[in-house]
Amino acid sequence: MATKKVSYSEAMAEIEDILEKIENEELDVDELAEKVKRVSVLLKTCKDKLTKTNEQVEAILKEMED
């Protein structure tokens with residue numbers, strides 16, 4: 001099953017939505033496990049995007065120094 005790529009802001013919005021539902025106890029146990037797994041995937045996506053962006057910015061700054 002192919003996963004749709006999400007932007008950083010979409011991933012963060014989904015994480016915030018899930019966390020709000022957890023805090024408000026809106027999820028049953030079965031949904032909770034599924035949502036926690038989804039959050040872990042979204043967090044990895046965000047981390048990867050931040051790492052890539054950081055590398056790109058560092059490369060640009062290095063080019064400016066040369």
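Hi everyone, let me begin with one residue, Glu14: at 26% relative accessibility, this side chain counts as partly exposed. Before I go on, please keep in mind that we are looking at a predicted model.

So who is the partner of Glu14? Glu14 forms a salt bridge with Arg38, and their closest N and O atoms are 2.8 Å apart. Arg38 is partly exposed as well, with a relative accessible area of 26%. Now look at where the two sit. Glu14 belongs to helix α1, which covers residues 8–23, while Arg38 belongs to helix α2, residues 29–65, so this pair ties together parts that are 24 residues apart in sequence.

How many salt bridges are there in the model? The count comes to three. As a general reminder, side chains of opposite charge can pair when their charged atoms come close.

Let's stay in helix α1 for a moment. Here Asp17 and Lys21 meet through their side chains in a salt bridge, at 3.5 Å from N to O. Both residues lie in helix α1, four residues apart, which is about one turn of the helix. As for exposure, Asp17 has a relative accessible area of 37%, so it falls in the partly exposed class. Lys21 is partly exposed too, at 28%.

Now over to helix α2. The side chains of Lys44 and Asp48 form a salt bridge there, with an N to O distance of 2.9 Å. Again we have a spacing of four residues, about one turn, with both partners in helix α2. Are these two buried or exposed? Lys44 is exposed, with a relative accessible area of 52%; the cut-off for exposed is over 50%. Asp48, on the other hand, is partly exposed at 40%.

Asp48 also takes us to my last topic, the pockets. The largest pocket has a volume of about 260 Å³. Eleven residues line this pocket, and those closest to its centre are Lys5, Val41, Thr45, Asp48 and Lys49. So if you have the structure open, find Asp48: this residue pairs with Lys44, and it is also among the residues closest to the centre of the largest pocket.

What is the make-up of that lining? The residues divide into six charged, three nonpolar and two polar.

To recap for anyone who came in late: Glu14 and Arg38 pair between helix α1 and helix α2, Asp17 and Lys21 pair in helix α1, and Asp48 and Lys44 pair in helix α2. Thanks for listening, and I'm happy to take questions!

How values were computed
Residues are numbered from 1 along each chain as its sequence is written. This is a predicted model: local features need pLDDT of at least 70, side-chain atom pairs count only at pLDDT 80 or more; totals for chains, interfaces and linings use all residues. Side-chain values use heavy atoms; hydrogens and water are left out. A salt bridge is a side-chain nitrogen of Lys or Arg within 4 Å of a carboxyl oxygen of Asp or Glu. Helices (H or I, at least four residues) and strands (E, at least two) are DSSP runs, numbered from the N terminus. Buried means under 20% relative accessible area, exposed over 50%, partly exposed in between (1.4 Å probe, protein chains only). On a 1 Å grid over the protein atoms alone, a cavity is a set of points where a 1.4 Å probe fits but cannot get out, and a pocket is an open set with protein on both sides within 12 Å along at least five of seven lines; lining residues have an atom within 4 Å of a point. Grid points are joined across faces, edges and corners, and a volume is the space filled by probe spheres set on the points. Ala, Val, Leu, Ile, Met, Phe, Trp, Tyr, Cys and Pro count as nonpolar, Asp, Glu, Lys and Arg as charged, and the others, Gly among them, as polar.
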